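Reader: I keep meeting terms such as "buried" and "salt bridge". Could you show me how each label is earned?

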Amino acid sequence: MKSATSRTMIATSAVAVTAAVTLAVPTAMAATPTPAKPSQTKASVTGSAQVRLTYSPDDDVRTFTFDAHAAPFTRPVGEYSGLPTDAKGTMKVSHWVARDNVTVRFEGRVDCLVTSPGTATLTAVVTRADPTVKHMLGKRLGFSVYDGDGHRGEGRVGFSWSVVNADQNEAGEWVEGRAGTCMAPAPYAPVTKGGYTVRHADLPLIPPTDR
């Protein structure tokens, strides 16, 4: 027959084992967290606005219209299926020249978009241009947008010509530089009428087949 001391030792051991198992289970569960689901939100920048040039005041009316949406990995680059910054959509530019009372327009196909909260950088290749600016056809142009933190009329736009993107060729001559995908200056031209909405989303993971 077991003594009272033996029975006490057995009971104590059983409690210790139970406690150890109880403590071990949460620890094991914590070591394998549930993977976070990828965000379903896609980046975009939309809207239309007129801007003014602080460095060259005039009566001209310059309007920039964007309807750009992220479309990751849809434009193959070499052996890769595409880039996380791939995008689709349209850009339109309209410039009323007060001196000549004429409006010049061109538009293009968006090919790249990257965002951060309230701001976006995008590029587009010109697909249609008025005769006076037909030299723009086929060019990739860069744009940046600040949406004014949701306050209409307080946004800004930047673009890759006018006073930026100068470059030198091998002969040392100054020429207009080429804009690479998603390359644009900071948004420097204040909005005077209209506005934009930037929807931010982090860039998605590169597919395993492209790594």
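Author: What follows is a set of short questions and answers on a predicted model.

Reader: What makes the strands a barrel, and in which order do they close?

Author: Eight strands close up in the order β1-β2-β3-β4-β5-β6-β7-β10, with antiparallel pairing. From one strand to the next, the twist averages 30°.

Reader: How do you know that β2 and β3 pair?

Author: Two strands pair if there are at least two bridges between them. β2 and β3 have 10 bridges, in the antiparallel sense. Therefore they count as a pair. One of the bridges joins A68 to G89 in β3.

Reader: Where is F73, and what is its phi?

Author: F73 sits in the loop between β2 and β3. Its phi is positive, about 60°, though F73 is not a glycine.

Reader: Why is a positive phi worth pointing out?

Author: Because most residues other than glycine have a negative phi. C182 is another non-glycine residue with a positive phi, about 65°. C182 lies in the loop between β9 (174–176) and β10 (189–199).

Reader: Why is F73 called buried or exposed?

Author: Buried means under 20% relative accessible area. F73 has 18%, so F73 is buried. C182 has 9%, so C182 is buried by that cut-off too.

Reader: What makes R99 and D100 a salt bridge?

Author: The cut-off is within 4 Å, from a side-chain nitrogen of Lys or Arg to a carboxyl oxygen of Asp or Glu. The side chains of R99 and D100 meet at 3.5 Å, N to O. So the pair qualifies. By this rule the count comes to seven salt bridges.

Reader: Why do R99 and D100 get their accessibility labels?

Author: Exposed means over 50%, and partly exposed lies between 20% and 50%. R99 is at 73%, so R99 is exposed. D100 is at 47%, so D100 is partly exposed.

Reader: How do you know that E107 and R128 form a salt bridge?

Author: Their side chains meet at 3.5 Å, N to O. The limit is 4 Å, so they pass. The pair links distant parts of the chain, 21 residues apart: E107 is in strand β4 (residues 102–116), and R128 is in strand β5 (residues 119–129). E107 has 27% relative accessibility, so E107 is partly exposed. R128 has 34%, so R128 is partly exposed as well.

Reader: What else does R128 meet, and is that partner buried or exposed?

Author: R128 also meets D130 in a salt bridge, at 3.2 Å, N to O. D130 has a relative accessible area of 16%, so D130 is buried. Elsewhere, salt bridges that share partners join D58, D60 and R62 into one network.

Reader: Where is D86, and why does D86 have no salt bridge?

Author: D86 is in the loop between β2 (61–70) and β3 (87–97). D86 is buried. The nearest side chain of opposite charge is R75, at 5.2 Å. A salt bridge has to be within 4 Å, so R75 and D86 do not form one.

Reader: What does the side chain of D86 reach instead?

Author: The side chain of D86 reaches the backbone nitrogen of T74 at 3.1 Å. A polar contact needs N or O atoms within 3.5 Å, so that distance fits. Leaving aside residues up to four places away in sequence, D86 touches several others, including A70, F73 and D111.

Key. Residues are numbered from 1 along each chain as its sequence is written. This is a predicted model: local features need pLDDT of at least 70, side-chain atom pairs count only at pLDDT 80 or more; totals for chains, interfaces and linings use all residues. Side-chain values use heavy atoms; hydrogens and water are left out. Helices (H or I, at least four residues) and strands (E, at least two) are DSSP runs, numbered from the N terminus. Buried means under 20% relative accessible area, exposed over 50%, partly exposed in between (1.4 Å probe, protein chains only). Lys and Arg count as positive and Asp and Glu as negative; His and the chain ends are not counted. A polar contact is a pair of N or O atoms within 3.5 Å; within protein, one must be able to donate a hydrogen and the other to accept it, and residues adjacent in sequence count only if both atoms are side-chain atoms. Contact means heavy atoms within 4.5 Å. Axes are lines fitted to C-alpha atoms, for helices over the stretch in contact, and angles run from 0 to 180 degrees between N-to-C directions.
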